[in-house]
Structure formats: C-alpha cells, structure tokens
Amino acid sequence: MKQAIIIRYCEIHLKGKNRGYFEKMLKENIKRSLKGIDFKFTAMHNRYLIEDFNEDDYEIIVDKLKKIAGIHTISIALVVESNFESIFEAVKNLIQDKTGTFKVITNRADKTFSPNSMEFSMMLGGKILEHFNKNLKVDVKNPDFAINVDIREEGKTFVYTDVIHCLSGMPVGSAGKGLLLISGGIDSPVAGYMTAKRGMKLDCLHFHSFPYTGEAAKEKVIELTKKVGEYNGGINLFVVSFTHIQEAIHKHCPEEFMITIMRRFMMRIAERLAKQQGDQAIITGESLGQVASQTIESITSSNSVVTMPVLRPLIAFDKIDIIEISKKIDTYETSILPYEDCCTVFLPKYPAIKPNLDRVIKAESKLDIESLIEEAFRKVEKYVF
C-alpha cells in the first residue's frame, strides 16, 4: 500500500488570469526546498502530490513543506485502487488504534465511480461500525476525526485522516524583494517571517558595532538569519560596520537625539544597499510605541531620509503577540541570548520620544553624512545561506 503527500494551497485560488504564475512559483519553491530528496511530483486540480519517496525521508519532507509559504495544508494519504475492498483495507490500516467518534467524507472527482459520494460514505461508515463496533461511533456534526476518501479520475483513491496546517500565504518571490533590518532581538526575525509569508523574497542587513558588540553577538544574528531563511528559500546576510557612525553621533550630536539620528543613518545605508541588491522595500521589526525610536514622530524622522517603501509588518502588534510567533518559528530562544546589539551602544539616559524633525536635521548637520556612509560600505561582510 503506497503513501503519498497531498499538498493544498488556498489563497492562490483567489487569483484570476495570473493564477498560473503563482502555481508555477509554488511548484518551483517546493522542488527547490526538496532538492536532493528522491520523489515523484505530480500536479493535480488545485493541489500537488508527492509520491515514491523513501519512508526515511518522510519527516524531513513534511518539515520542509510546513515552512514553504503558499502551502495551506498537507495530508499523508494511502493510495489504493478505486474499489470498495481496497479503500476499506486502507481505512482499517489508518484507524486501527483510534477510538471515539468519526464521520466519512467522500470526494468523487471520478463521476463515473458508483455509488455517489453520499451513498459511498454511508456504505463505508456502516462497514467501519461493523468492524470497530466497540471503539467507534458515528458523529457527522462534531466527530473526533474524519476519514477522507478522495476518488480520482486516474482509477486511484487517496485515503487519509489527518490534515496538517502549514504556513499558508503566498509563494516566496511572488511579491518582489525586500531588505530586512535584522538585529539580535525578538521582533525583526518575526517581521522577516511575516513578510516572507506574504511572498516577498528577503535579504538581511545587520549593523555591527565591534568592539562594543562582540563576535558572539554577530553569531547570534547569523543563527537568526538562518532560521528566517528556512521560510525564505535561502537568504543573504549583509553585515555593515556601524561603530564609526555611532562614535561620531556620540561626539557631535545632542544626547537626546542619538537614537533618532542613528536610525536615520541605518535607513540611508539600508536604502543604498537595497538598490544595489535589487530590493524594492525596506522591512523593519518596529511596533508602534514599543520604544522611544518607534513613536510616530521617530518613525516619521526615519522615513524622511529615504524614498523607498518601508514595511513594518509588526506595527500594531503587542509584544506578547510577537513573542508567540517567535516561539512558533523557533527564533525566541536565540533572540533572548544575552548578547548586545548596536542599538544598546551609547544609549542616552533620556532619549527624545517625540523628536522635532527640524531640530533633528539641525543636530545632524554637524556630521559629514556622506563620508560616514561611504566608510560603512568599505566594511561590508556578506553571508549566503
């Protein structure tokens, strides 16, 4: 009795004449993610099928599929001939250890198959009750589990009980490219995950302040980037030296504007790097009002130095919401490791919460902005994952 993995998508269904573009991209992303694993890939109506894989690769395949944006659910099915006896044998195999209530759901893609879907469900349900009369009962409204029978035109039927929910969203790459500003904190990896889920392919940018932040801090960011990359079909990380800029701000600018001016430099560098890499937007992990640099006045100040769109997927999220997602995507434990990032260097005692833009520009005028940015680009490290 063969096994197959059924892959379903949902939001792509809403697309019109360009639906084929998204279906093709999802198919390519699946094949790329499973590269190196032997399997047969088949496109069916509104779903894909993975067959002829080694059972030892099953858990690896499922884990990878769960991280591919665009996949809504998957099911592990037994594949049998489209006749009652074969289907019932598959059902017995699947539910032999189950107890409680059930219902049978039959989908008859092959309309030549007789009887019809409702009649077949009743026949199969009766046979199940007869065979498992001590352990199982029928409940068509609120069953403990469902037995799904999918009868296809090709003369084969898929039988399964479990439906595994995956990432959903849209295929990575279908919404262009963006540059994620990634720190060592909780928020930015979650922002990257959520943007990738909506179909945007990511590059990452991290600002490193050696010797104020050490190699352990950079390794922490590398590990977070790898984890985000699992949802992104691979990822590039650019590490920019930021120490000289922070030292210049600390020396020449009013203390209360240090964070504001630092964020403005980050946005300028990010936009320049994004254009070099063909990225179309900047992504940050900012949440409105969470810290001094994330008030609407501070965000306005940061936005004013770039023309590229700035995406903030977490802007209305509570910290608890963000932490829950970080745990779900396995970045939380890495994010809370006690290594400082550049945003904790030279922290002012009383940062400006609502910085006046004119005063910020005046304070910033004491710096040679272009020279500082050019020096930053002379010290860029690139990592490919």
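These legends go with several views of a predicted protein model.

**View 1. The whole fold, helices and strands together.**
Count through this predicted model and you get 13 helices and 15 strands. The radius of gyration comes out at 27 Å, well over the 21 Å that the globule rule gives for 385 residues, so the protein is more spread out than a compact globule. Put a box around the C-alpha atoms along the principal axes and it works out at roughly 85 × 40 × 35 Å.

**View 2. Inside and outside.**
How much of the protein is buried? Buried residues account for 51% of the 385. On the outside, the protein exposes about 18,500 Å², and carbon and sulfur atoms supply 51% of that area.

**View 3. Contacts along the chain.**
Take the contacts between residues at least 6 apart in sequence: 80% of them join residues that are at least 24 apart.

**View 4. Where the charges sit.**
The protein carries 52 positive and 51 negative charges. Average the positions of each set, and the two mean positions lie 4 Å apart.

**View 5. Helix α9 and its buried residues.**
Helix α9 covers residues 296-303, and Ser-298, Ile-299, Ser-301 and Ser-302 are buried in it. Why do they share a side of α9? They cover an arc of only 160° around the axis, which puts them on the same side of the helix. And what covers the buried residues of α9? The cover includes two other helices, α8 (258-277) and α12 (357-364).

Note on methods:
Residues are numbered from 1 along each chain as its sequence is written. This is a predicted model: local features need pLDDT of at least 70, side-chain atom pairs count only at pLDDT 80 or more; totals for chains, interfaces and linings use all residues. Side-chain values use heavy atoms; hydrogens and water are left out. Helices (H or I, at least four residues) and strands (E, at least two) are DSSP runs, numbered from the N terminus. The radius of gyration is taken over C-alpha atoms; the globule rule is 2.2 Å times the number of residues to the power 0.38. Buried means under 20% relative accessible area, exposed over 50%, partly exposed in between (1.4 Å probe, protein chains only). Contact means heavy atoms within 4.5 Å. Accessible areas come from the Shrake-Rupley method with a 1.4 Å probe; for residues, only the protein chains shown count as cover. Lys and Arg count as positive and Asp and Glu as negative; His and the chain ends are not counted. The place of a charge is taken as NZ of Lys, CZ of Arg, CG of Asp or CD of Glu. The arc is that of the directions from the helix axis to the C-beta atoms.
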